[in-house]
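Student: Could you take me through one part of this structure closely? I would like to look at the protein surface beside the DNA.

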Protein chains: 2
Amino acid sequence: MSTIFDIAREAGVSITTVSRALNGYSDVSEATRQRVMEIAQSHNYYPSAAARNLQGGRTDTVAFAPLLREHMESEQFFKEFLGLLTLSAFRHNLSLLATVADTPSHTTKIYRELAGSGRVDGVILADIKPEDERIALLGSLKLPFVAFGRTPDFAELKYPLVDVDNAAGTRAVVDYLVGKGHRRVAYLGGPFNTSYSLHRYSGFRESLKQHGLPVDDRLVIADLQERAETAEAVAQLLQPGEDNSRRPTAIVAANDHLAWQVIQELQERGISVGSGPNGDSIAVTGFDDLPFAGYVQPSLTTVRQPIAAISDILLDLLVMLIKNEMQSKRKVSLSAKVIRLAQDKQSGGHKQVDKPGAEESEQPVKWIGAMQALVVPELVIRDSA
Amino acid sequence: MSTIFDIAREAGVSITTVSRALNGYSDVSEATRQRVMEIAQSHNYYPSAAARNLQGGRTDTVAFAPLLREHMESEQFFKEFLGLLTLSAFRHNLSLLATVADTPSHTTKIYRELAGSGRVDGVILADIKPEDERIALLGSLKLPFVAFGRTPDFAELKYPLVDVDNAAGTRAVVDYLVGKGHRRVAYLGGPFNTSYSLHRYSGFRESLKQHGLPVDDRLVIADLQERAETAEAVAQLLQPGEDNSRRPTAIVAANDHLAWQVIQELQERGISVGSGPNGDSIAVTGFDDLPFAGYVQPSLTTVRQPIAAISDILLDLLVMLIKNEMQSKRKVSLSAKVIRLAQDKQSGGHKQVDKPGAEESEQPVKWIGAMQALVVPELVIRDSA
DNA sequence: TTGTAAGCGTTATCAC
DNA sequence: GTGATAACGCTTACAA
């Protein structure tokens, strides 16, 4: 590949001039600029990203490095999020560097390396846990980041984030179910190790309490992962021992995947799945509204996470952060200007992105802090409840 | 962030020594190495990727830059492939740089830039078209690449590729349908602008001919994209005018998405979907076996593209190519050694990858040239046909 | 308007 | 074993 020297030589100017011409500086004669640009084009010349980056510029790249879970190949949420992040990044004129971490400690290493090696301008965090070291780590590393999710102390820590109001989501579900007459509602969840799983569960409890219904611990089973565990959990719910009145008429699953497992278990036992607290059918709800949710039979009543809108906001925030970081590499706190910028979004949707195609779905977004957004998810009523 | 100078100063050695110690050279005393490594660790030092890359090293990054299609947000195949590429890249100790191209000409620009700026060591191409300029382009740019898919002249061009035997896939479908007694089989496809869409269609024709059945052009409708077009196509198939014997008993759709649209159209018309050439039900088949294929009702009989295995092979090939490229930046053709390496895979699966987790599904792979693999897809029989 | 020259942080090539 | 020093290709003061 040709370098800036080749272009300079052929154009009969210095490399400085080439650099200026190509970077759109004003102090270059139009004639020179034309010539330089033509020659550059004919040589298929593009400035070396490495050289450019080395002298202090940005990489125009952001990273996403989720922790590799078992059976990640089949994890729909991961793929959805990754795909939509890629699209959002593109609209923000950014590239997405996708990696994966093996283990929690490997995660730390990856972020250290990302920060140390300067490969990216910022990172996107997901699957935030209640005590997530990554937040402090990235802060100390001075690597700009945005979180999808939040820790309980998000208000004090003041890191930029977008979260779905998961509690509101399950509350909406339970409200809906209770509204349809359900009184015995079970909750099936995965491991309670992420913030969102805790929020979903607490939304469930809150709503029940609000309706004056008891939370029957025998109707709550968590830590479900493998299909076999779900099978066992369903079996447990269906065998209330002596008293048949303990059998739930509705099952709230913490995610779509789990909901689908539950539905299959019920169907295998000849129990019909669907709405109505009466009869012997059982209502089942999910959470996420992944693409398959509308396809399964019966189609899933679930809570939609507007992932496309979320990734757009995440990148809006990250871009602002990076710009701020670039402007002044010494200031520790966010400049007031950036914060104001972020809050301006409150009114008027998210038209920050450069390119068309962003979700303009007027997602209700609540700003719960400077650069901290809470997206209210929507209940999607289908056939399963 | 600290640099190599900081480490050198603190360790009381030269930067050369630091570099050597950290890069595992043998000519460094064990004592020095220990000290240097400790100090580096304590400073959270990682060599600048830019500086390192500038002096000629690799980036350990490969790019994937698909063309942005309309409604890409909802394109499952894109997300599947992207997610699995990310996982495969990780197993090969590579990062994946994901971008998107706006337009075909933007695609060209992206590859030129990728090559010129040296941001990545190689790229993965997908959606290969019968006349795909990208192959010549990347060749001339000397940017290592692997293609998922192939042009008709792949044998002469000799570029590295992995393809699914799409023709064999639809042949298997038709064989199966004809075996079940179907005689009037329709074909519904998208635009015939990619190699795979052409291959799928030709497989369809081949199989019919092999079974001595005529190809009724009125039963072939292509270029379907929007749901409305599919609706019209289905309507057309169902209104054979005067002669009712022209109505197909089976519909082969070119992909799962289309198959699902067809099923919905049929169901809306009160036509049951399923196997058996008799009765008034119509069999429908898809292609891809995307995650939702098993979820829809009736579940899709389809052809499975083993995407996980494919992306592993793609990256196996790309890694070999890159290594070769690094070794000798002047040689034009592949070294015999690399070719041999690639063909060795023929016997013994694909255990090339460093980390566990690769699909060891013993996918049948036929090598149709040096570094050119053809994966035979599998017919998955479910309820829709 | 243009050119000179000093970095940016590595690794590689020589010396010692 | 270890250390100067020269690239690597670019941007950006500073001069002219």
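Tutor: Happily, here is a walk along the surface beside each DNA strand. Keep in mind that this is a predicted model.

Let's begin with DNA strand C, which has 23 residues around it. The closest of them come from both chains: A:V13 and A:T16 on one side of the list, and B:I4, B:S19 and B:A51 on the other. Which elements give two or more residues to this surface? They are α2 (15-22) of chain A, along with α2 (15-22) and α4 (49-54) of chain B. Sorted by class, the residues near strand C are 13 polar, 8 nonpolar and 2 charged.

Now turn to DNA strand D, where 25 residues lie around the strand. Those that come nearest are A:T3, A:I4, A:S19, A:A51 and B:S14. Here the elements giving two or more residues are α2 and α4 (49-54) of chain A, together with α2 of chain B. Of these, α2(A) supplies the largest share of the surface near strand D, with 4 residues. By class, this surface holds 13 polar, 9 nonpolar and 3 charged residues.

To put the two views together, find α2 of chain A and α2 of chain B in the picture. Both helices give two or more residues to the surface near strand C, and both do so near strand D. With α4, the chain to look at is B for strand C and A for strand D. You can follow this with single residues too: B:A51 is among the closest to strand C, while A:A51 is among the nearest to strand D.

Note on methods: Residues numbered from 1 in each chain as written. Chains lettered and ligands numbered in written order. Predicted model: local features only at pLDDT ≥ 70, side-chain atom pairs only at ≥ 80, totals over all residues. Near = placed C-beta within 6 Å. Nonpolar A, V, L, I, M, F, W, Y, C, P; charged D, E, K, R; others polar.
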